[in-house]
Amino acid sequence: MSLLSDLINLNLSDTTEKVIAEYIWIGGSGMDMRSKARTLPGPVSDPSELPKWNYDGSSTGQAPGEDSEVIIYPQAIFKDPFRRGNHILVMCDAYTPAGEPIPTNKRHNAAKIFSHPDVVAEEPWYGIEQEYTLLQKEVSWPLGWPVGGFPGPQGPYYCGVGAEKAFGRDIVDAHYKACLYAGINISGINGEVMPGQWEFQVGPAVGISAGDEVWVARYILERITEIAGVVLSFDPKPIKGDWNGAGAHTNYSTKTMRDDGGYEEIKSAIEKLGKRHKEHIAAYGEGNERRLTGRHETADINTFLWGVANRGASIRVGRDTEKAGKGYFEDRRPASNMDPYIVTSMIADTTILWKP
């Protein structure tokens with residue numbers, strides 16, 4: 001008699017060329033991820049080979065019941081770490097039947113910015129540090145914390161080792177390997193300052209691919225926490241009080257910044273970002289004001305400042321960049337629940353296309 005695990009792990013390539021494509025899209029809240037699967041006649045390597053599909057937008061808060069059909073366009077393909085074999089994950093964006101992007105489709109505008117010749121010429125690179133918190137399912141309280149109580153103060157947990165300091169490492173390591181399997185350019189993981197909070201980094205990724213990879217990495221993480229019976233939170237300040245919030249620090253460079261003499265271009269780009277500070281903050285994640293208080297390694301939400309090696313600044317420039325006279329900078333303002341399509345394209349727009 002087969003066990004459920006045996007059936008889940010069936011190797012279909014022994015009996016059929018058909019593969020399963022899991023279509024993924026972003027739901028009505030702008031943060032909820034949705035997906036459904038369909039059978040394809042054979043392996044696929046490019047999104048253009050995939051059919052468009054549809055879903056009931058009235059069930060995701062994205063269309064009225066009397067005209068509920070939303071069309072999803074395949075945009076990026078990743079290997080499926082859950083089904084494995086030739087099966088794939090497909091990142092999609094959403095349109096009306098008439099071909100207009102729906103309001104929650106932030107990828108469409110980002111793709112237009114990243115396809116602009118001036119942006120293409122600058123080859124914008126991104127490295128996104130995605131922080132998140134693991135919660136106990138029944139009580140919505142951080143993993144490893146006593147129910148209704150608090151652990152010891154922050155200090156030993158950042159990059160910590162040990163049963164009393166690191167909570168959820170099995171989930172984190174499973175996610176790390178699953179992302180590498182999928183083809184996501186995940187560059188590392190670490191335990192964060194607040195216990196039960198972790199971080200993974202995606203990048204370097206160029207242009208629109210940064211947003212695709214972060215969203216699919218989030219999807220994979222939520223699937224793994226589903227298996228583990230743990231709740232995944234991207235709340236930028238999950239616990240009130242003297243506890244660190246959760247951000248999505250965005251490291252950025254252009255070709256000019258990476259070339260000799262690029263430090264002047266970095267300073268010019270930071271100056272532009274300062275002039276559009278309020279616009280960026282408004283787009284950098286809901287509830288970010290609870291995180292950007294000027295404490296816990298952040299600048300105040302109403303203040304724009306930058307500095308070398310300053311983790312209390314809005315923009316941090318690394319010592320290596322200063323020494324080399326070229327490199328990248330880190331925008332520390334985005335919240336953990338930011339939309340990577342919005343943040344990456346907005347930074348490119350401000351630093352490359354915008355003329356003050």
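## Helix H5 across the sheet

Let's start with helix H5, which spans residues 208-228 and lies across four strands: E1 (19-26), E2, E4 and E5. Relative to E5, the helix runs at about 115°. Please keep in mind that this is a predicted model.

## The sheet under the helix

The strands that H5 lies across belong to an open sheet. Five strands build this sheet, in the order E2-E1-E5-E4-E3, and their pairing is mixed. Strand E2 (33-40) and strand E3 (53-56) each have a single partner strand and stand at the edges, so one side of each is left without a neighbour in the sheet. On average, and with direction ignored, neighbouring strands of this sheet are turned by 40° against each other.

Two of the pairings are worth a visit in your viewer. E1 and E2 run antiparallel and are joined by eight bridges. Within this pair, Tyr23 stands opposite Lys36 in E2. The hairpin of E1 and E2 has six residues between the strands, and Gly30 there takes a positive phi near 85°. The other pairing is between strand E4 (residues 69-79) and strand E5 (residues 88-95), which is antiparallel too and extends over eight bridges. Here you can look for Ala76, whose bridge partner in E5 is Met91. As you follow the residues along these strands, a general point helps: in a regular strand the side chains alternate between the two faces of the sheet.

## A loop beside the sheet

Between E3 and E4 comes a loop, and Pro64 is found in it. With a relative accessible area of 41%, Pro64 is partly exposed. Pro64 and Ile24 are 40 residues apart in sequence, and their C-alpha atoms are 21 Å apart in space.

## H5 meets H10

Back to H5, which also packs against helix H10 (residues 340-353). The two helices pack at an angle of about 160°, and their axes are 8 Å apart. That angle makes H5 roughly antiparallel to H10, as angles over 145 degrees count as such. The crossing of the two helices is right-handed.

Which residues make the contact? On the H5 side they are Ile208, Ala210, Gly211, Asp212, Val214, Trp215 and Arg218, and on the H10 side they are Pro340, Tyr341 and Thr344. By type, the residues of this contact divide into six nonpolar, two polar and two charged.

## Val343, a buried residue of H10

Helix H10 also holds Val343. Is Val343 buried or exposed? Its relative accessibility is 0%, so Val343 counts as buried, the cut-off being under 20%.

Leaving aside residues up to four places away in sequence, Val343 touches Thr250, Ala283, Tyr284, Pro334 and Met338. There is also a link back to H5 to look at: Val343 and Gly211 are 132 residues apart in sequence, but 8.8 Å apart in space from C-alpha to C-alpha.

## The hairpin of E8 and E9

Another hairpin is formed by E8 and E9, with five residues between them. Strand E8 (residues 186-191) and strand E9 (residues 197-206) run antiparallel, and five bridges join them. One of the residues to find here is Asn190, whose bridge partner in E9 is Glu199. In the turn, Gly196 has a positive phi of about 90°.

Strand E9 has a further backbone feature. Pro204 lies in this strand, and a cis peptide bond joins Gly203 to Pro204, with omega at about 0°.

## Positive phi at Ser140 and Cys159

Two more residues have a positive phi without being glycines. For Ser140 the value is about 50°, and for Cys159 it is about 55°.

Where do these residues sit? Ser140 is in the loop between strand E6 (125-136) and strand E7 (141-142). Cys159 is found in the loop between E7 and helix H4 (169-182). As for solvent, Ser140 is partly exposed, with a relative accessible area of 48%. Cys159 is partly exposed as well, with a relative accessible area of 40%.

How values were computed. Residues are numbered from 1 along each chain as its sequence is written. This is a predicted model: local features need pLDDT of at least 70, side-chain atom pairs count only at pLDDT 80 or more; totals for chains, interfaces and linings use all residues. Side-chain values use heavy atoms; hydrogens and water are left out. Two strands pair if DSSP finds at least two bridges between them. Axes are lines fitted to C-alpha atoms, for helices over the stretch in contact, and angles run from 0 to 180 degrees between N-to-C directions. Contact means heavy atoms within 4.5 Å. Angles under 35 degrees count as roughly parallel, over 145 as roughly antiparallel, 65 to 115 as roughly perpendicular and the rest as oblique. A crossing is left-handed if the near helix is turned anticlockwise from the far one by less than a right angle, and right-handed if clockwise. Ala, Val, Leu, Ile, Met, Phe, Trp, Tyr, Cys and Pro count as nonpolar, Asp, Glu, Lys and Arg as charged, and the others, Gly among them, as polar. Buried means under 20% relative accessible area, exposed over 50%, partly exposed in between (1.4 Å probe, protein chains only).
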